[in-house]
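Please look through the sequence and the structure below before reading on. The report that follows takes up the ligand and its surroundings, then two helices, and then a few places in the backbone and the loops.

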Amino acid sequence: MNQLNCHTELRLLNLADYLHLIVDRLESFEADVVQTEETVSFQFAFGTGRFEMAPGKLVMEASAAEVEGLRRVKELFSVAIELYAKSEKPEMAWEGDLADDTVLSSFRLMRVRNAWQLTPGMRRVRLEGENLDRFESFTGMHIRMLFPTETVPDPVWPIAGANGLALWPSEDRKPTTRVYTIRKLDVKAGYMDVDFVVHGDPHGGDEGIGSAWALNAAEGDVVGIMGPLGRPVRSADWYLMGCDETGLPAMSRILENLPADTRGVAFVEVDGAADEQQISCPPGLELKWIHRNGVPGGQHAELARAVCAVDWPQNVSSFGWFASEADAAKQVREYWRKTLGYGRDQTLAAGYWKRGAAGLMAG
Ligand SMILES: Cc1cc2nc3c(=O)[nH]c(=O)nc-3n(C[C@H](O)[C@H](O)[C@H](O)COP(=O)(O)OP(=O)(O)OC[C@H]3O[C@@H](n4cnc5c(N)ncnc54)[C@H](O)[C@@H]3O)c2cc1C
């Protein structure tokens, strides 16, 4: 089979300051990495890539046997540059195979199959779409959802730009984006479930667009998605986990995929007993529910307190995972990183939403 190849050359004056962050990010997509002073090679399951560094410049090369593999390597490289070389704003245009490709391989147009109230605070929406295998074969369980709104009821969907990233053909008809988790994926049956926390005004306006969309979702409604986003959680023998409802779909997926002999403790904050869900998790991992009892989300201190009170075991591999309102996530991250001294390789504490701010992490 012929190999597909492409490359791009970037002007980067400060690459040495953040190269390690780029390499660390790309390695976490389960890549084998070989690094020398002037090159870095990445072997992914779906293709390969190479960096060649010279003073003031970086050449990135991508190769794969399949079109989707090449698009994925380009996408991972382009996103890493976008994230870490932000201050240098490098021009990036891929040349070679697929150079004129405008298909944004991460985009799918989905249709609502049905929607139902899972618990008082959570609505499950089943979305059907074609060709969903990339959401299974590539790591990452999150998606960027692209919602039509009252002001933009008929959005123009994104295409791929020359830099391999999403290009929005019309600023006026851009959909509103929010980040969600694929709670369940069935590629053969052609559907995915997304669990939405429902909060605020069911008519939305400019705020709470994701929640309002889910509350009103009906069979046949159209929505765009892009993904998958996110990195796999590192494997460990013992886990300490914590989340509120927004992190529950992700935590549930992680828990149900852990090996049966995994040990640890997981805390979930919900409003009350009716919001608890049945989650399958290893028997040695204790699941504890924390009830807010009417205190609004993001204003209850117990979740972060409970997580920070747990002693980490010695002499076993361990990992801390936390996803909730941004202030609680910051508190836990600082405790794990600064007080306990655990690094990024052992902890991930993410703000999934921020009190008073719309669309955190959606950009
Ligand atoms: C990686 C990742 C995965 C996520 N997965 C999920 C998921 O599977 N399910 C899910 O429901 N959310 C998930 N979220 C969180 C979700 O993206 C945010 O809650 C988002 O702000 C919701 O958009 P919205 O349009 O409803 O509200 P926005 O327009 O963003 O916010 C409007 C107002 O509502 C407040 N608000 C936002 N979210 C909540 C909330 N949960 N409770 C109370 N008030 C809120 C905001 O502070 C703001 O004041 C995830 C976030 C990330 C980063």
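## Contacts with the ligand

A polar contact is a pair of N or O atoms within 3.5 Å. The model discussed here is predicted, and the distances below are to be read with that in mind. A polar side-chain atom of R178 lies 2.7 Å from an oxygen atom of the ligand, so this pair falls within the 3.5 Å cut-off for a polar contact. The backbone also takes part, for a polar backbone atom of G208 is 2.7 Å from an oxygen atom of the ligand, and a polar backbone atom of I209 is 2.8 Å from an oxygen atom of the ligand. Taken alone the ligand exposes 910 Å², and the protein buries 90% of that area.

## The shell around the ligand

The ligand is surrounded by 25 residues, and the closest of them are R178, V179, G208, K354 and G359. When these residues are sorted by kind, the shell divides into 11 nonpolar, nine polar and five charged residues.

Several elements contribute to this shell, since β12 (176–181), β14 (191–197), α4 (209–216) and β20 (347–353) each supply at least two residues. The largest share, four residues, comes from β12. Seen by domains, the shell draws at least three residues from domain 2 (107–229) and at least three from domain 3 (238–353).

## Two helices

How many of the nine residues of helix α5 are buried? In this helix, which covers residues 248–256, eight of the nine are buried, so α5 is largely enclosed by the rest of the structure. The buried residues of α5 are L248, P249, A250, M251, S252, R253, I254 and L255.

Helix α2, made up of residues 67–84, has 18 residues and reaches 26 Å from its first C-alpha to its last, which is close to the 26 Å expected at 1.5 Å a residue. Its buried residues include G69, L70, R71 and R72, and further along α2 the residues L76, F77, S78, A80 and I81 are buried as well. An α-helix has 3.6 residues a turn, so residues three or four places apart point the same way.

## Backbone details

The peptide bond from G227 to P228 is cis, with omega near 0°, and P228 itself is placed in strand β15, which runs over residues 222–229.

Two asparagines have a positive phi, and each is found in a loop beside helix α6. For N293, phi is near 50°, a positive value in a residue other than glycine, and this residue lies in the loop between β18 (285–291) and α6 (302–308). For N315, phi is near 65°, again a positive value in a residue other than glycine, and this residue lies in the loop between α6 and β19 (318–325). Are these residues buried or exposed? N293 counts as exposed because its relative accessibility is 62%, and N315 counts as exposed because its relative accessibility is 81%.

## An exposed loop residue

E38 is found in the loop between β2 (32–35) and β3 (39–43), and with a relative accessible area of 53% this residue is exposed. E38 and T139 are 101 residues apart in sequence, while in space the two are 28 Å apart from C-alpha to C-alpha.

Definitions and conventions: Residues numbered from 1 in each chain as written. Predicted model: local features only at pLDDT ≥ 70, side-chain atom pairs only at ≥ 80, totals over all residues. Heavy atoms only, no water. Buried < 20%, exposed > 50% of the residue type's maximum accessible area, 1.4 Å probe, protein only. Near = heavy atom within 4 Å. Polar contact = N/O pair within 3.5 Å; in protein donor to acceptor, adjacent residues only side chain to side chain. Areas by Shrake-Rupley, 256 points an atom, 1.4 Å probe, with all protein chains shown as cover. Nonpolar A, V, L, I, M, F, W, Y, C, P; charged D, E, K, R; others polar. Domains from an automatic or database assignment. Expected span 1.5 Å × (residues − 1).
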